[in-house]
Amino acid sequence: MSAVENTFRKFATYGDTAASGNSMTGKNFSKMCKECGVMDGKAVTSTDVDIVFNKVKAKGARTITFAEFQQAMKEVCVKHFKNKSPEEALQAVYGLIEGKEPGHVGTTKATKAGGVERLTDTSYTGTHKERFDESGKGKGLAGREDLTDSSGYVGAYKGAGTYDKTH
């Protein structure tokens, strides 16, 4: 297996655990062209890569095989290296691709201290510190200062609870 085919298989399986590595999706083809430097944004754009992908894949298919990938690279290399012959350009593009692996640039990293740990931090001195005990566990309703009074009396009424005694 050549170095180019090995790179093709690595990008073909990227992001899809069920992929066999024999066929590549358009998303992974675009990712490979971008990360290997085939797509430079001037001579070869993402639109060019998408057009070439759709041109070489079988009608109705969503993936390309390695043979179709080689055909796509023949079309892309002529655009990327305009001053070289098609054979030299193809070898130059293969030189860019060989030995590369999918990168994880821009992926989201897991935070070490989540929002819950910051909320239950006992060293917190803000307005809601009464809502947590020393261990950081929430007190629930008991931790709230302004519990609702559902006795039926207006708050600050002095004679609350005296109705039954007078009648």
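These are my notebook entries on a predicted model of one protein.

**Entry 1: confidence and layout**

I began with the confidence of the prediction. The mean pLDDT of the protein is 78, and 76% of the residues reach 70 or more. I then looked up how this varies by element: helix α3, residues 46–56, has the highest mean pLDDT at 91, while α6 has the lowest at 65. I will read α6 with that value in mind.

Next I noted the secondary structure. I find seven helices and two strands. Read from the N terminus, the order is α-β-α-α-β-α-α-α-α. I also looked up burial for the chain as a whole: 28% of the 167 residues count as buried.

**Entry 2: cysteines**

How many disulfides does a search of the whole structure find? It finds zero. I checked C33, and its nearest cysteine sulfur belongs to C36, 7.6 Å away. C36 is likewise in no disulfide, with the sulfur of C33 as its nearest. A disulfide here needs two cysteine sulfur atoms within 2.5 Å, so a pair at 7.6 Å does not qualify.

I then asked whether these two side chains are buried or exposed. C33 has 0% relative accessibility and therefore counts as buried. C36 is buried as well, with a relative accessible area of 4%.

**Entry 3: salt bridges**

A search of the whole structure gives four salt bridges. I wrote up three pairs, among them two that lie within a helix.

In helix α1, E5 forms a salt bridge with R9, and the closest N and O atoms are 3.1 Å apart. The two residues are four apart in that helix, about one turn. R9 is partly exposed, at 25% relative accessible area.

In helix α2, residues 26–36, I looked at E35 and K31, which are also four residues apart, about one turn of the helix. Their side chains meet in a salt bridge at 2.5 Å, N to O. E35 is partly exposed, with a relative accessible area of 30%.

The pair D48 and K79 has a salt bridge of 3.2 Å, N to O. This pair links distant parts of the chain: D48 is in helix α3 and K79 in helix α4 (residues 66–80), 31 residues apart. I looked up the accessibility of both partners. D48 has 16% relative accessibility and so counts as buried, the cut-off being under 20%. K79 is partly exposed, at 36%.

**Entry 4: T7**

Where does T7 lie? I find T7 in helix α1, which covers residues 3–13. T7 counts as buried because its relative accessibility is 2%.

I listed what a polar atom of the T7 side chain comes up against. The backbone oxygen of A3 is 2.9 Å from such an atom. The backbone oxygen of I97 is 3.4 Å from a polar atom of the same side chain.

**Entry 5: a nonpolar patch**

Which residues make the nonpolar surface patch? I noted Y153, V154, Y157 and Y163, and the patch is about 450 Å². I followed up on Y157, which is found in the loop between α6 (115–119) and α7 (163–166). Y157 is partly exposed, with a relative accessible area of 47%.

Terms used
Residues numbered from 1 in each chain as written. Predicted model: local features only at pLDDT ≥ 70, side-chain atom pairs only at ≥ 80, totals over all residues. Heavy atoms only, no water. Buried < 20%, exposed > 50% of the residue type's maximum accessible area, 1.4 Å probe, protein only. Patch = residues over 30% accessible without salt bridge, like charges linked within 9 Å, V, L, I, M, F, W, Y side chains within 5 Å. Areas by Shrake-Rupley, 256 points an atom, 1.4 Å probe, with all protein chains shown as cover. pLDDT = per-residue confidence, 0-100. Polar contact = N/O pair within 3.5 Å; in protein donor to acceptor, adjacent residues only side chain to side chain.
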